[in-house]
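This briefing concerns helix packing and is written for a reader who wants to follow the contacts residue by residue. Please keep the sequence and the structure at hand while reading.

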Amino acid sequence: VKTWVKQALAQGSQGGGLGIEPMPEIDFSQFGDIETQELTRINKLTGKFLSRNWLTIPHVTQFDEADITELEKFRKQLNKENEKEGIRITVLAFLMKALVSALKEFPRFNSSLDHTGENLILKKYINIGVAMDTADGLVVPVIRDCDRKTLFELAAELIETSKRARDKKLSPADMSGGCITISSLGGIGGTAFTPIVNAPEVAILGVSRSSMKPVYKDGGFEARLMLPLSLSYDHRVIDGADGARFTSYLSRVLSDTRRLLL
């Protein structure tokens, strides 16, 4: 009996034995005109991968906001100073630097469960995946050794990687070895969302569009630029208290860029 239970649990942890009925086959043409489009190869691979992650990982999403008023002023100043060199720093580069600091402060977020689900592998390197929207679907290239790169180096690599993604020049190696992923929809819109953990990582940071909001500060309300954060994590590895501490820490770092020097 014990042997059978162990085997059943192992199958469940791998996504088997879930007892989910397949979707019924429906002739949609009976309701009106239709057009059939085949999914791209990336669509198919991403769909299988995300379905497995959603079904096998107990997700929790923590929402927070970061005051990036001063960060945005600093970012625009840097871009103006380096305009002749053609360097353009985005908020995403600052987010990557902030994540490096947060992963050092909370090393459990920089880990993965092994194949048995009984051991936690803590990583001593920091590679950050960045979800990118392409014509063929979603891809997540990985920027390596982010803790060893400057803000300018990260900004330049993001531009180069984005171009390679659009040109379909990413290899499987370019999309492996990540520690945590950033999914940014700030350029499109929305106020919050629930990103799916990019296994074998244990957390993913979702970022929505920043907006001006009245914030009570020093006895009065001020207009501040607030950035919505949505952190999804694997509840087997990270509990709710640490999830809240992580987003609170990120918020503090992003609100005062001087903390990135610590």
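The points below describe how one helix packs with two others, taking each pair in turn.

The model is predicted. In it, helix H4 spans residues 91–105 and packs with helix H6, which covers residues 240–255, while the axis of H4 also comes within 9 Å of the axis of helix H5, residues 151–166.

**H4 and H6**

- The axes of H4 and H6 lie 9 Å apart, and the two helices pack at an angle of about 135 degrees.
- Because that angle falls outside the ranges for roughly parallel, roughly antiparallel and roughly perpendicular pairs, H4 counts as oblique to H6.
- The crossing that H4 makes with H6 is right-handed.
- On the H4 side, the residues in contact are Phe 94, Leu 95, Ala 98, Leu 99, Ser 101, Ala 102, Leu 103 and Glu 105, and they meet Phe 246, Tyr 249, Leu 250, Val 253 and Leu 254 of H6.
- Sorted by class, this contact between H4 and H6 comprises eleven nonpolar residues, one polar residue and one charged residue.

**H4 and H5**

- H4 and H5 cross at roughly 125 degrees, with axes that come within 9 Å.
- That crossing angle makes H4 oblique to H5.
- The crossing of H4 with H5 is likewise described as right-handed.
- From H4, Leu 92, Ala 93, Phe 94, Met 96 and Lys 97 take part, meeting Leu 151, Leu 154, Ala 155 and Leu 158 of H5.
- By class, the contact of H4 with H5 holds eight nonpolar residues, no polar residues and one charged residue.

Key: Residues numbered from 1 in each chain as written. Predicted model: local features only at pLDDT ≥ 70, side-chain atom pairs only at ≥ 80, totals over all residues. Heavy atoms only, no water. Axes fitted to C-alpha atoms, helices over the stretch in contact; angles between N-to-C directions. Helix = DSSP H or I, 4+ residues; strand = E, 2+ residues; numbered from the N terminus. Parallel < 35°, antiparallel > 145°, perpendicular 65-115°, else oblique. Left-handed = near helix turned anticlockwise from the far one by under 90°. Contact = heavy atoms within 4.5 Å. Nonpolar A, V, L, I, M, F, W, Y, C, P; charged D, E, K, R; others polar.
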